[in-house]
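The following exercises concern the enclosed cavities of a protein model. Each task is followed by a solution in steps.

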Amino acid sequence: MSSRTELSSWKNLIAHQRDMDAVHMRDLFAQDENRFQSFSLQLDDLLFDFSKNRITDKTLNLLTALADQVGLAEKIDAMFSGAAINTTEHRAALHTALRNRSSRPVYVDGLDVMPEIRNVLAKMQVFSDAVRGGSWRGHTGKAIVTIVNIGIGGSDLGPRLVVQALECSSTSHLKTIFISGVDACQLEITLQHLDPETTLFIVASKSFATAETMLNAKAAKDWLVDSLGDATAIANHFVAVSANRSAATDFGIDADGVFELWDWVGGRYSLWSAVGLPIAISVGMDQFEELLAGAYAMDEHFRSAPWDKNIPVVMALLGVWYTNFFAAHSYAVLPYDPSLRLFPGYLQQLDMESNGKSCTRDGAELNYATGPVVWGELGMDSQHAFYQSLHQGTAMVPCDFLCAAHSATESYADHHRWLLANCMAQSKALLTGKTAQEVREELLATGVSEAEIERLTAHKVFPGNRPSNTILYRQLTPQVLGSLLAMYEHRTFVQGVIWDVNSFDQWGVELGKSLAKDLNEELIRDGSVEGHDSSTNGLLNRCLNW
């Protein structure tokens with residue numbers, strides 16, 4: 001059993017939750033007219049408002065005491081210094097080094113990795129400039145028009161999110177497409193609309209052996225060679241992002257077309273590396289560097305700010321407060337910014353693959369909750385879907401609202417004003433709710449009969465007192481986006497420290513992948529399948545029969 005529940009700070013929080021359980025945030029705001037100023041933090045153009053939470057100064061003090069008692073400061077130092085904090089894989093977790101804008105060295109096994117990182121960034125600059133400028137030519141001499149990134153998981157979600165998020169500010173003539181999974185229809189439709197003479201494929205796989213990625217890459221290679229009639233065309237139309245240079249060159253990719261990855265870069269933390277090559281090509285290396293600068297600014301804030309003034313730390317502690325002391329089993333991420341449509345899905349991998357664990361770093365079984373379900377959708381769309389449950393359902397679902405004060409475009413100002421108004425209205429409604437008395441008065445003012453009022457009141461009551469954070473930023477620039485992504489990375493790391501889990505491995509994805517290899521062979525056999533559970537046998541045999 002884990003010792004976390006035996007900590008004095010943990011026990012103090014249990015007792016404090018009993019005191020807070022019946023407290024309504026309406027009263028907290030009524031008692032303190034400066035609550036927003038007391039419970040909001042800002043870093044450059046990013047504001048974090050956490051005043052709409054079921055907390056007081058005492059709550060925050062007790063939570064930061066927990067952070068101290070689990071040794072958070074030492075864990076942060078270990079991560080940034082290059083220690084092998086990924087204990088099950090004996091690796092460092094140095095995504096922060098990828099965006100290190102200082103002259104500080106970062107050591108892994110006694111070697112400063114910063115020169116290698118800068119070399120790869122310089123190579124990305126040269127290559128992305130050549131593709132964007134038209135000097136990188138395809139096999140027949142034509143300039144590249146379309147970029148196709150082939151990857152899965154972190155090699156897809158991160159760069160796909162950033163490319164879409166910055167699309168409105170991009171001036172590139174290039175089209176960027178992402179292929180993941182093994183959907184034959186997606187691949188066929190994508191290839192049908194490509195011109196092989198003007199298409200560049202980026203194969204992103206650290207091992208260069210990821211089954212789904214390599215299946216897609218081989219299909220794309222066969223299509224290209226069949227279309228152009230020359231296997232040497234691969235060198236002009238394929239590059240790789242990988243730690244396995246030899247496998248990439250065996251595939252046919254020129255050695256100079258392999259962009260290096262390192263084993264201390266986790267997939268879901270890798271968009272800051274050469275995995276971000278489609279970002280650099282799509283929006284330009286200057287904007288990619290701004291993305292790194294924004295993340296670095298958040299890194300420095302995270303390393304230096306005291307816990308109660310530290311945005312990622314406060315975010316993480318609030319999540320622990322609700323997960324472990326209010327039994328909230330999920331939280332919703334609700335962007336009121338269409339550029340962040342993919343953000344909830346990106347965070348699902350970041351958070352749930354990192355902290356969806358049931359044993360401690362030392363292998364002991366946990367006796368408390370970790371890794372709540374992360375879910376969400378664009379706010380304006382989801383207001384007409386699941387907000388009913390957020391407002392009047394029986395489960396507490398803490399929410400993060402995200403919105404830009406200014407749109408990325410100057411057109412249609414009234415549209416953006418509506419986004420802002422709706423974002424703030426929803427967080428206010430979750431806070432205040434609507435009492436039965438308020439419902440009665442509202443209905444009475446509209447001339448509704450007493451009998452109808454009695455019939456409708458319970459249905460129109462909103463309990464309120466439902467917690468939310470609002471992340472407001474001036475505009476979604478590459479720098480702000482970098483800070484935003486790094487903020488959630490560090491939030492995830494801090495929660496992993498609090499819960500005593502390894503946030504940098506993902507053994508839970510292995511079993512299904514391993515079984516799929518065996519079942520794939522079953523689907524090409526003759527005769528009926530036996531030897532599995534009855535459900536798996538039945539499903540396989542029905543597929544074979546059909």
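A cavity is a set of points on a 1 Å grid over the protein atoms alone where a 1.4 Å probe fits but cannot get out, and lining residues have an atom within 4 Å of a point. Points are joined across faces, edges and corners, and a volume is the space filled by probe spheres set on the points. The model is predicted, and totals for linings use all residues, whereas local features need pLDDT of at least 70 and side-chain atom pairs count only at pLDDT 80 or more. Residues are numbered from 1 along each chain as its sequence is written, and side-chain values use heavy atoms, without hydrogens and water.

**Exercise 1.** Describe the second largest cavity and its lining.

Step 1. Its volume is about 50 Å³.

Step 2. Leu 98, Ile 117, Val 120, Leu 121, Met 124, Trp 262, Trp 272, Ser 273 and Ala 274 line this cavity.

Step 3. Helix H7 (residues 114–133) supplies the largest share, four residues; helices are DSSP runs of H or I with at least four residues, strands are E runs with at least two, and both are numbered from the N terminus.

Step 4. The lining has eight nonpolar residues, one polar and no charged. Here Ala, Val, Leu, Ile, Met, Phe, Trp, Tyr, Cys and Pro count as nonpolar, Asp, Glu, Lys and Arg as charged, and the others, Gly among them, as polar.

**Exercise 2.** Describe the largest cavity in the same manner.

Step 1. The volume of the largest cavity is about 150 Å³.

Step 2. Its lining comprises 18 residues, of which Gly 319, Tyr 322, Tyr 331, Pro 398 and Arg 491 are the closest to the centre.

Step 3. H15 contributes the most, five residues.

Step 4. Nine lining residues are nonpolar, seven polar and two charged.

Methods. On a 1 Å grid over the protein atoms alone, a cavity is a set of points where a 1.4 Å probe fits but cannot get out, and a pocket is an open set with protein on both sides within 12 Å along at least five of seven lines; lining residues have an atom within 4 Å of a point.
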